[in-house]
Amino acid sequence: MKAKFKQIVLLCATLSSLSCASPEIADRLYFGGSILTMEDQRPEVEALATKGGKIIFAGNLRDAQEFVGEATQEIDLNGKTLLPGFIDVHGHITSRAGMEQAVDLSPTPYGSVNSIPDLQRVIKAYIDKNALTAGIPVLGNGYDDAIMVEHTHPTRTELDAISATIPIIVIHTSGHASVANSAMLRLLGIPEDVKDPVGGHYGRDMVTKKLNGKLEENASFDALVKLTNALPKPPESADGLSSDLRDFVKAQDGWIRYGQTTICDGRSMGVGLTLLRKAAEKKLLKVDLVYFPDFEANKKEWETFLPHYMKYENRLKFGGFKFSDDGSPQGKTAWLTEPYFVPPEGQTKDYKGFPIFSDSLLYEDLKIVFSKGITAQLHVNGDAAIDQALRVIGRLKAEGVYKPALRATLIHVQNSRPDHIAKIKEIGVIPSYFSGHVYLWGDWHYQSVFGPKRAAFISPAHAAKTAGIPFTIHHDAPVTPPDLLMGVYSAVNRVTRSGMVLGPDQRISPWEALQAITIHAARQYQEEDKKGSLAVGKLADLVVLNENPLKIDPLKIKDIKVEQTIKEGAIVYQRKD
């Protein structure tokens, strides 16, 4: 009888060890605030436990006590809000790094250049402060003709008024145009009789027909690449980092300060690619970084990227290729099917912008990429460019080359039309909206770019949501600061700088906008099993906000502050003020 009892006890103990194993002891336990999971089935929990950089519990506070041990750090949020770390699905961190030494020409609310005299004053002050002499180039970034009182680009003559001997080039806030003075045109070897490159344009004075200094699209990109290659390579400092790497670290800190635990470099090329590889090699990446090399610029060596596809190596991952199909709507180089509401200076009333690719070239390039199982991001702002992308990808899908599992993404999709929504869903691509346009340039789009009707449908997140399309939201930094909460604010309120509500029927809820920068963003990167929501087994990529975006007045969302950014359990940013 005793032997039988012992067997029963042993059996019970064995079953208990299999079904009721002791829970893991957490490194950290978060409680005492709003913990938003970003999962529809269970939107909010009372407690979150993490260990070894991963989430091991998300649920009520009572059950969380099983994960608490002597070594557990119990973190009271004190009413603050915890969410998954924000995911940047389209930005340009190497461009931002390259602009760290540029003269800031941003208008309000980010800067002070609201007129051409302001621009001249700021650049002149920079030259005087640094005692620059003839031949030393000056790069300015961020001027915005949509905001400046003249509503025109500066000219070669106006930059010559600053200096006739110092080469000056200023980049438009969109990144799709620039203006050079005479000294810079000479430095770059651009003659008066230069021909327009494919996908680019040199501006000319309407009377004299001479170059007015304005460079658009590929004319601007070519000039900036040439200038970058001509500059002397920066020496390493005592810490072993060259100035370009220090600028990269500074730019990365900017992204992290805005709560992002995954960063994007869209359209990587040239020195930017070298910079990314150097940063990864030196293990300078504090968070994950996904890059998308420009296919055309890297066409000769495109196959060398394939072994790195979807693999993090020292936090750096090749995520697919980038294609830029047109230009900027606020810069009036985007490709439209109907003319601009007010044509830019020097253009006729039927001006519609212009394409970068022919259908045949885009088809051949995408066929190469998709046939290898590689995804792509396609920059499409104007509705003609969106039409082209859908037409070409639709053809490749019909041929069995493109598969929706690749999750190709249409970036910006600014001048979208209602008929695009069904086509986007049918083909199986992801729209990623630059929603900040509504606030930053909504008035300009309404008054000058698209006119009232077309402007009301920019960044149509509600239409995508209604169709069941998991869209994302991005900031396109350095076109704007890397602030995804500004995109959330704009998508939720659709209020312009002047206070006008632009397209009220396209407003979405704060929850839906937050999902666009978390769980949907992770899905775009094919990482939804690891990131984007607070669920057991996912990375402990977290952000702490001082306010709950779901409970605050929606008009105050853009004022929310990031308190902490946490990458795989480690604090990589802590607000000090």
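Reader: Is the crossing of α10 and α11 left-handed or right-handed?

Author: In this predicted model, the crossing of α10 and α11 is right-handed. The term is applied when the near helix is turned clockwise from the far one by less than a right angle.

Reader: Why are α10 and α11 called oblique to each other?

Author: Helix α10, residues 359-371, packs on α11 at an angle of about 50°. Roughly parallel requires an angle under 35 degrees and roughly perpendicular requires 65 to 115. The value of about 50° fits neither class, and α10 and α11 are therefore oblique. Their axes are 10 Å apart.

Reader: Which residues in α10 and α11 meet, and how do they divide by class?

Author: From α10, D359, L362, Y363, L366, K367 and F370 take part, and they meet Q388, R391, V392, I393, R395 and L396 of α11. The contact divides into seven nonpolar, one polar and four charged residues.

Reader: What makes α11 roughly parallel to α12?

Author: Helix α11 (residues 383-398) and helix α12 (residues 418-427) pack at about 30°. Angles under 35 degrees count as roughly parallel, so α11 is placed in that class with respect to α12. The distance between these two axes is 10 Å. The crossing of α11 and α12 is left-handed.

Reader: Which residues make the contact of α11 with α12?

Author: On the α11 side they are D383, I386, D387, L390, I393, G394 and K397, and on the α12 side H420, K423, I424, E426 and I427. By class, five are nonpolar, two polar and five charged. I393 takes part here and also in the contact of α11 with α10.

Reader: Why are α13 and α16 called roughly perpendicular to each other?

Author: The axes of α13 (residues 436-449) and α16 cross at roughly 75°. The perpendicular class runs from 65 to 115 degrees, and α13 and α16 therefore belong to it. Their axes come within 5 Å. In this contact G436, V438 and Y439 of α13 meet M486, G487, Y489 and S490 of α16; four of the residues are nonpolar, three are polar and none is charged.

Reader: What makes the pair of F318 and F321 edge-to-face?

Author: Two values are needed. The ring centres of F318 and F321 are 5.1 Å apart, and rings pair if their centres lie within 6.5 Å. The planes stand at 65°, and planes over 60 degrees apart count as edge-to-face. The pair is therefore edge-to-face. Both F318 and F321 are buried. A search of the whole structure finds 17 aromatic pairs.

Reader: Which residues form one aromatic cluster with F318 and F321?

Author: The cluster also holds Y291, F295, W302, F305, Y309, F323 and F357.

Reader: How do you know that F323 is buried?

Author: Its relative accessible area is 1%, and buried means under 20%, so F323 qualifies. F323 is found in strand β18, residues 321-324. Beyond its neighbours within four places in sequence, F323 is in contact with F295, F357, L362, D365, L366, V369, A376, Q377, L378 and H379. Of these, L362 and L366 also take part in the contact of α10 with α11. The C-alpha atoms of F323 and A408 are separated by 11 Å, although the two residues are 85 apart along the chain.

Reader: Why is V413 called buried, and why is E568 called partly exposed?

Author: V413 has a relative accessible area of 0%, which is under the 20% limit for buried. E568 is at 28% relative accessibility; partly exposed covers the values between 20% and 50%, so E568 is assigned to that class.

Reader: What is the phi of V413 and of E568, and where do V413 and E568 lie?

Author: Phi of V413 is near 45°, a positive value in a residue other than glycine. V413 is in the loop between β20 (409-412) and α12. E568, likewise not a glycine, has a positive phi of about 50°. E568 lies in the loop between β24 (562-567) and β25 (570-574).

Reader: Are the peptide bonds from T108 to P109 and from A477 to P478 cis or trans?

Author: The bond from T108 to P109 is cis, with omega near 10°, and P109 lies in the loop between β9 (103-104) and α4 (116-129). The bond from A477 to P478 is cis, with omega near 15°. P478 is in the loop between β22 (472-473) and α16 (484-493).

Key:
Residues numbered from 1 in each chain as written. Predicted model: local features only at pLDDT ≥ 70, side-chain atom pairs only at ≥ 80, totals over all residues. Heavy atoms only, no water. Axes fitted to C-alpha atoms, helices over the stretch in contact; angles between N-to-C directions. Helix = DSSP H or I, 4+ residues; strand = E, 2+ residues; numbered from the N terminus. Parallel < 35°, antiparallel > 145°, perpendicular 65-115°, else oblique. Contact = heavy atoms within 4.5 Å. Nonpolar A, V, L, I, M, F, W, Y, C, P; charged D, E, K, R; others polar. Phe/Tyr/Trp six-rings, centres within 6.5 Å; stacked < 30°, edge-to-face > 60°. Buried < 20%, exposed > 50% of the residue type's maximum accessible area, 1.4 Å probe, protein only.
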